[in-house]
Amino acid sequence: MSLGEPMSDSAPFFSDDSEAEGADEQGGSSAGQRTQQESPSGVSRVRALLTVLILCYINLLNYMDRFTVAGVLPDIEHYFGIDDERSGLLQTVFICSYMFLAPFFGYLGDRYNRKFIMSFGIAFWSIVTLASSYTPKEHFWALLLTRGLVGVGEASYSTIAPTIIADLYVKGKRTNMLSIFYFAIPVGSGLGYIVGSQVSSVARDWHWALRVTPGLGLIAVLLLLFVVQEPKRGAIEARPEHHLHRTSWLTDLQALSKNHSFVLSTFGFTAVAFVTGSLALWAPTFLFRAAVFTGEKAPCVDGHCASDDSLIFGIITCVTGVLGVASGVQVSRQLRKRTPRADPLVCAAGLLLSAPFLYMAIVFAQASTIATYVFIFLGETFLSMNWAIVADILLYVVVPTRRSTAEALQIVISHLLGDAGSPYLIGVVSDSLRKTDSFLWQFRSLQLSLLLCSFVAVVGGGFFLATALFIEKDRHRAENFNATDDEPIVVPKSGRSTRVPVSSVLI
């Protein structure tokens, strides 16, 4: 099939007939039965709900694995004898791998069977994660390499999963399902800290913390292969007169670059990624150093560090994530009754409100542990209001045939300028500010470098305010998209030929 031909309901990539063929190709009474039980996506209501729950489970594992390392970072630093700069590389190499491979999987996700792509990626990620748990003390580079390879598997999943949900539900139901899906981000992140720190504490060896998620990942592969059904792309929202066409990858990129709401919301989400990436890796370590500096905890001894801070931070991350995502969706839903610009305005408010609380959490760390946790709780709650809403914005301002590419592009930009470099940047700044290797300067240098997060949050809020200026126009354009609008024809103009869109010459 050429790129210019009409797109089938489900692209054939090792897909069986039940997934690739539409309901109109079934015979007699079975066709009538399928019509009653299935939506235009070709997936029954029960199967659609199971699909969302499975995708949520995998998303939870995704973030649980991602932040297990942060939960045992003091142990890793002590084990390998590394400084903050090299510690920051653990998150940076993973994000860079994840980021650069996202466009590739986004391209595949728009064209081939998505569940098989995800199954391969998750299986690869599980194997590599297990291998990373056997890294010897003399080979820190091997841990960096395996963490980088983990990004291969996670890129295959994160770019594709939201588009499957978009092909199963529309409007209010889609928002609700995306909310459930994105609950897994903070909950999985929190579980990463909790499971990582507690397994390490019980086993007295941080390597065991990395051996929990691989087995759960293989279960996810089996669920994908035997339960999840590939939905038909765009069928649930396409109007009868619309017939979706594929366009070239360059054409997709050009169209996305002209989509102001997509571009601005992506830069806003980049600020979210910068802040969350920095806090995710460094917050437990920062809290541990603050406790050591104030004399509340002893420094690392016998290769094992106190894990209370990772446990508490993990619990806070779980609770604030659920509260933030739920409150963000509900506030946006109520505000939509008054203005169609509700989504970007809620995202802007979340970032702008999080900035002062994060600032106070960092500043009060040496004075009051309780006050620090309270401010972290409030800051993370407001920061989490963005997750489901940003995903929903992308899905309704981008046409179905470009969504995986848009997801991939957003991942690249938000991670390239956000959490790919922020953990490493915080580590470099911390090392450069440290005057001595005393407990005071280990804490103080990291404290000063983390203040950058509050400034970035304010900038991100500005991008979402700018998104509100274009959201109505871009949403209307996506909902009324016709593939022929992008196909120019040649017409005479002032004695010369010029290429113009078909819509401009039709009466």
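Helices (H or I, at least four residues) and strands (E, at least two) are taken here as DSSP runs and are numbered from the N terminus. On this basis, the secondary structure of the protein comes to 22 helices and two strands. The structure is a predicted model, in which local features need pLDDT of at least 70 and side-chain atom pairs count only at pLDDT 80 or more, while totals for chains, interfaces and linings use all residues. Residues are numbered from 1 along each chain as its sequence is written, and side-chain values use heavy atoms, with hydrogens and water left out.

Of the 507 residues of the protein, 55% count as buried, where buried means under 20% relative accessible area, exposed means over 50%, and partly exposed lies in between (1.4 Å probe, protein chains only). The accessible surface comes to about 20,700 Å², and 65% of this surface belongs to carbon and sulfur atoms; accessible areas come from the Shrake-Rupley method with a 1.4 Å probe, and for residues only the protein chains shown count as cover. Contact is defined as heavy atoms within 4.5 Å. Among contacts between residues at least 6 apart in sequence, 84% join residues at least 24 apart.

A nonpolar core is a set of buried Ala, Val, Leu, Ile, Met, Phe, Trp, Tyr and Cys residues joined through side-chain atoms within 4.5 Å. The largest such core has 117 residues, and those with the most contacts inside it are Leu55 and Ile76. Helix H13 gives the most to this core, with 14 residues. When neighbours within four places in sequence are left aside, leucine 55 is in contact with Met118, Tyr157, Ala161, Ile164, Ile165, Phe181 and Leu224.

One of these partners, isoleucine 164, is found in helix H9 (residues 161-166) and is buried, with a relative accessible area of 1%. Beyond residues up to four places away in sequence, isoleucine 164 touches Thr51, Leu55, Arg114, Met118 and Pro231. The C-alpha atoms of isoleucine 164 and arginine 114 are separated by 8.0 Å, although the two residues are 50 residues apart along the chain. Serine 119 has its place in helix H7 (residues 114-132) and is buried, with a relative accessible area of 5%; outside its neighbours within four places in sequence, serine 119 is in contact with Val221, Leu224 and Leu225.

Ile76, named above for its contacts in the core, is among the buried residues of helix H5, together with Leu73, Pro74, Asp75, Glu77 and Phe80. Because six of the eight residues of H5 (residues 73-80) are buried, this helix is largely enclosed by the rest of the structure. Its buried residues pack against helix H4 (68-71), H6, helix H8 (140-158), H10 and H13. H5 is followed by glycine 81, whose phi is positive, near 65°. In H8 lies arginine 147, which is buried with a relative accessible area of 2% and touches Asp65, Arg66, Val69, Leu90, Val93 and Phe94, not counting residues up to four places away in sequence.

A cavity is a set of points, on a 1 Å grid over the protein atoms alone, where a 1.4 Å probe fits but cannot get out, and its lining residues have an atom within 4 Å of a point. Grid points are joined across faces, edges and corners, and a volume is the space filled by probe spheres set on the points. A search of the whole structure finds eight cavities of 30 Å³ or more, of which the largest has a volume of about 570 Å³. This cavity is lined by 36 residues, and Tyr63, Arg66, Ile185, Phe269 and Trp387 lie nearest its centre. The elements that give two or more residues to this lining include helix H3 (45-66), helix H6 (84-109), helix H10 (171-203) and helix H13 (260-293). By class, the lining has 19 nonpolar, 13 polar and four charged residues, where Ala, Val, Leu, Ile, Met, Phe, Trp, Tyr, Cys and Pro count as nonpolar, Asp, Glu, Lys and Arg as charged, and the others, Gly among them, as polar.

The second largest cavity holds about 100 Å³ of space. Its lining has 10 nonpolar, one polar and one charged residues, and the largest share of this lining, four residues, comes from H13.

Note on methods: 1 Å grid on protein atoms, 1.4 Å probe; cavity = no way out; pocket = protein on both sides within 12 Å on 5 of 7 lines; lining within 4 Å.
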